[in-house]
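Morning, everyone. I'd like to walk you through some side-chain details in this one, so have the picture up while I talk.

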Amino acid sequence: FIGSIRGLNKHSTASEGNYMGMMATALGILSVMASPGFHHAHFRFLATFLAAGGAGYSIATNVKMEDMPQLVAGFHSFVGLAAVFAGFASYFNPATSFTSMKALETAVGIAIGSLTFTGSVVAAGKLHEVIPGKPIILDNRWLLNGAAMGTSAILTGLFLNPAIFAGPAGTAILLANTALWGGLGVNMVLPIGGADMPVVVSLLNAFSGLATSAAGFMLSNDLLTISGALIASSGTLLSDIMCRGINRSMYNVLLGGFGTDGSAPAAGGASRGRESVTEVSAVGFVGLLYGAKKVVIVPGYGLAVARCQQKLAEIVQTLRKHNIIVHFAIHPVAGRMPGHMNVLLAEADIPYDIVREMEDINAEIGSYDVGIVVGANDIVNPATQDDPSSPIYGMPAIEIWKCKTCVVMKRSMGTGYSGVDNPLFYLENVRMLFGDAKQTMDNVATLLDESQDRLSGGASSSSAGPQASELQAPEVFPPALKKVGVLRERLPGETRVSFAPSAVRKLRRMGFSILLEAGAGTAAGFQDEDYLQHGGVEVAESSEEVLKQADIVFKVSEPLLDEVQVLQGTQTMVGFWGMYGKSDLMAALGQSAASFVNLALVPRVSRAQKLDALTSMANIAGYRAVLDAFNRFPRFSRAGSTAFGSVPPAKVFVIGAGVAGLSAIATAHSLGCKVYANDVRDAAREQVESMGAEFISVDAQGIAGEGSGGYATAMGDDFTQKQLATYARIVPDMDVVITTAMIPNRSAPKLITEDMVSAMRKGSVIVDLAAQTGGNCVFTEKDHVVQSPTGVTIIGETNYPASMAAQASDMLGSNFTALLEVLGGAADFGGDHWEDSIVKPAIVARGGRIVWDPNPPRPPPPSAPAAAVGGFEGATPTAAVPPPEVSGLIQWLQEHKDELAMGLGAAVVLGLGLAVDIPEAEITHLGYFVLSCLIGHFTVAGVTPALHTPLISVTNAISGIIVVGGMLQLSGPLLSARVGCALAAVFLSSVNIV
């Protein structure tokens with residue numbers, strides 16, 4: 001069995017590994033058949049095995065490849081049920097002598113088998129869409145689980161009584177306990193949405209292994225114990241890999257409630273509809289392929305649903321025949337089980353050498369001329385990289401948006417399993433090809449066959465054919481109705497510009513022309529010629545010329561007083577600035593007849609995400625803060641081993657888990673640091689932990705929500721004192737501290753005291769991202785780097801985005817463009833659009849008066865959806881929240897997990913040694929189990945991700961070795977309960993083997 005798993009380490013030995021697994025299973029069966037006393041059970045076994053084998057072979061040969069996930073889940077259920085029957089057969093064996101250990105092994109083994117059976121049945125139903133794929137959360141779920149666990153513990157305790165074990169009551173208790181664990185299996189999988197099915201399939205694989213090992217303990221059979229341990233370690237490791245692939249913890253997955261069925265955009269989402277995307281026809285798509293040199297294809301579960309992998313393979317073959325480089329990019333959790341896409345591509349005879357893993361493709365994704373997304377959604381969502389407010393932020397994704405042109409094949413604008421909108425669809429270089437994937441593939445293949453002479457593996461556009469020429473013809477823009485002014489920033493250190501050249505075409509499509517102040521983009525790396533090449537752009541020699549002629553003037557920073565005086569009542573100025581300490585500016589704005597909009601005041605709601613410049617810039621600030629800190633920190637960020645010994649990872653503490661804080665956490669984690677974080681908002685814990693950081697709790701009541709603009713509200717004195725006490729304990733042990741705590745329209749709270757800084761090690765670094773409003777550290781000086789008397793560096797930089805001027809300008813330009821869209825474009829600018837709920841809060845002054853409210857009312861919390869019958873409706877794209885008592889217990893367990901593990905382990909060993917006379921054979925079994933788990937872990941870790949589906953299939957077949965448990969119970973009267981259960985175990989496990 002070890003050799004079988006080892007053979008899956010690479011494609012060239014995968015077949016040999018599969019054959020080795022078959023041989024190992026056959027040898028295990030033959031060894032039992034050849035054992036003394038089995039001869040009279042040969043006919044019973046062979047008749048059952050052949051019947052089951054025929055059924056298994058028929059199922060396996062007729063199932064479609066796209067249905068493989070539900071097949072594997074269904075076969076997991078067979079192993080679980082076989083373990084249940086093997087356990088009952090052992091219990092009904094009159095030769096079984098009672099011991100407390102034997103009774104416990106029987107109860108536990110049957111319980112695990114029952115949970116595996118029902119959980120696998122529900123998983124298979126969800127995968128096959130017999131049961132809705134969305135999370136189904138029963139009322140009082142935690143109470144039901146707790147009651148079932150407690151009742152099971154009582155029943156197991158009673159079962160250990162010799163008098164009950166040997167009597168009819170023992171059978172009733174065992175049946176009741178089996179039913180309880182079956183219910184737990186159902187209640188474990190029902191709340192888990194379709195997005196997490198790859199994890200569930202892997203986890204059930206581990207449970208089937210545990211069921212097999214449990215049968216080995218029941219029957220004192222080393223073969224079952226060892227093979228089950230190998231399978232359990234395989235499933236556990238794959239589950240961990242899948243969790244990392246979606247950037248979620250196992251606890252978060254099992255908590256359930258994440259994801260919708262993907263049939264439509266989630267309620268309250270930011271979907272903008274088909275009218276906001278650029279569509280392309282099949283003819284246009286083929287035109288894009290004419291001049292392509294490199295093409296990358298990202299398959300998703302939609303490929304399996306459409307069953308178009310064969311036609312896709314024909315298209316790939318045609319492209320490669322004409323010297324076009326084609327690669328497939330595979331995400332580790334694409335599809336419904338680990339390695340699902342690899343299996344589909346292998347069935348279509350796609351060569352292994354053009355199938356690439358996500359990390360390899362992302363490293364060179366920008367070199368591909370055309371990227372094709374077939375039925376994938378969340379795994380190509382840019383929000384995973386640049387939107388910390390997204391439920392899937394931090395999840396590894398294939399960065400397909402970096403291709404020169406991307407074509408997305410989808411049926412509709414529906415969301416993926418996460419239930420969040422995909423900003424990919426709205427990008428300028430993305431084309432949407434709507435329709436059934438199979439029909440689309442047929443059309444594309446036909447068009448390619450008819451025009452193969454135009455496929456030249458990189459021909460110039462002039463010879464690429466009429467369709468390509470048509471696509472590359474100059475775009476015709478509507479006549480300009482209003483003029484947008486772009487000023488050169490004059491504040492010291494400001495290198496950004498309000499619009500990058502890439503925004504010019506978007507503005508012209510909305511009916512705007514552009515008046516650019518000469519040299520406005522120079523500091524950001526953009527020359528005036530970069531803007532002029534798009535047309536519709538005039539260059540003004542001075543800012544005064546822009547201010548007098550433009551209808552809407554854009555700035556990166558705040559309006560300057562001399563600029564305000566030039567503007568007229570018909571003009572609008574849009575900028576991005578902090579409102580704290582701006583009394584002189586506010587007085588000047590109140591005296592101007594022009595309209596002034598501050599994009600930093602846009603409400604933090606889902607509909608306003610595309611306008612949210614605060615998030616865009618905070619994301620950069622958090623990223624650059626960490627890089628700046630380690631540029632000054634005199635040691636490594638990551639752990640390592642050198643000739644003189646090991647180097648521990650740097651410790652980073654992030655205060656505030658807003659956008660900047662989460663960005664800092666992600667960056668520090670990617671640098672190999674040990675990251676800690678704290679936030680006063682209770683909801684931030686899950687986000688922090690999902691990004692690999694440890695959440696530091698304050699021993700006081702925090703707040704459940706957040707204040708205006710996404711900031712935390714001010715806390716009471718009692719909380720503040722306990723917060724400072726917590727920081728005084730944590731900060732001295734940190735190498736880098738990033739502070740981001742700000743409160744709207746107030747000075748930043750002082751959280752890092754002089755004593756804390758003095759206690760830090762020399763060379764440590766503090767980056768204060770709240771320096772703009774006074775700073776969180778007592779030593780912070782705005783826009784200066786200072787050093788404390790003890791050698792700690794404190795950085796008070798207030799404009800990190802300016803250090804990435806080109807990137808920041810591009811992001812700001814997108815935000816400003818989105819604002820113009822909401823305001824009606826050039827044709828319908830202003831008017832009733834000023835009253836829009838996401839624009840009105842951002843208006844600072846209009847018509848000669850200040851209209852900005854410094855203390856806006858907090859929006860009411862979203863109402864909970866009405867409960868539906870059976871809990872089938874009301875699924876949301878965020879994880880379900882357990883009761884406060886459960887959350888508190890989980891939090892305490894997580895904070896003390898190391899101490900608990902050591903204490904519990906020592907207590908178990910000591911208790912068993914003192915209270916239980918454990919037979920030597922049981923200790924031997926336990927040793928085999930632990931050793932096999934370790935061997936299985938290291939063996940499975942070497943399996944290539946492309947072979948994860950074969951790995952699950954092989955280990956699933958290996959778990960069929962539980963047939964041995966049934967074979968050992970076949971002797972005796974045919975109509976006895978023991979033999980009946982044994983025959984059922986043999987039948988179910990034999991189906992699995994074949």
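Let's begin with aromatic pairs: there are twelve of them here. Bear in mind that this is a predicted model. As a reminder, you describe a pair of aromatic rings by how far apart the centres are and by the angle of the planes.

So find Tyr-91 and Phe-159. Their ring centres are 5.6 Å apart and the planes sit at 45°, so we call this pair tilted. Where do Tyr-91 and Phe-159 lie? Tyr-91 is in helix α4, residues 68-91, and Phe-159 is in helix α6, residues 141-159, so the pair ties together parts that are 68 residues apart in sequence.

Are these two buried or exposed? Tyr-91 has a relative accessible area of 10%, so it is buried. Phe-159 is buried as well, with a value of 1%.

Now compare Phe-526 and Tyr-531. Here the centres are 6.5 Å apart and the planes are at 85°, so this pair is edge-to-face. Phe-526 has 14% relative accessibility and counts as buried because the cut-off is under 20%. Tyr-531, at 1%, counts as buried too.

Back to Tyr-91 and Phe-159 for a second. Ring pairs link both of them with Phe-88 and Phe-92 into a cluster.

Next, charges over rings. Look for Lys-294: it lies over the face of Tyr-368, 4.4 Å from the ring centre. Then there's Arg-638, whose charged end sits over the ring of Phe-636, at 5.5 Å from the centre of that ring.

Okay, away from the aromatics. Please find Asn-815, in helix α30, which covers residues 805-822. With a relative accessibility of 5%, Asn-815 counts as buried. What is Asn-815 in contact with, once you leave aside neighbours within four places in sequence? The list is Leu-599, Lys-610, Leu-611, Asp-612, Ala-613 and Ser-616.

Last stop, the surface. There's a nonpolar patch of about 430 Å², and the residues making it are Leu-926, Val-930, Leu-931, Leu-934 and Ile-935. Take Val-930 from that patch: you'll find it in helix α33, residues 920-941. Its relative accessible area is 45%, so Val-930 is partly exposed. Set that beside Asn-815, which is buried at 5%.

That's my tour, thanks for listening.

Methods
Residues numbered from 1 in each chain as written. Predicted model: local features only at pLDDT ≥ 70, side-chain atom pairs only at ≥ 80, totals over all residues. Heavy atoms only, no water. Patch = residues over 30% accessible without salt bridge, like charges linked within 9 Å, V, L, I, M, F, W, Y side chains within 5 Å. Areas by Shrake-Rupley, 256 points an atom, 1.4 Å probe, with all protein chains shown as cover. Salt bridge = Lys/Arg side-chain N within 4 Å of Asp/Glu carboxyl O. Helix = DSSP H or I, 4+ residues; strand = E, 2+ residues; numbered from the N terminus. Buried < 20%, exposed > 50% of the residue type's maximum accessible area, 1.4 Å probe, protein only. Phe/Tyr/Trp six-rings, centres within 6.5 Å; stacked < 30°, edge-to-face > 60°. Lys NZ or Arg CZ within 6 Å of the ring centre and 35° of its normal. Contact = heavy atoms within 4.5 Å.
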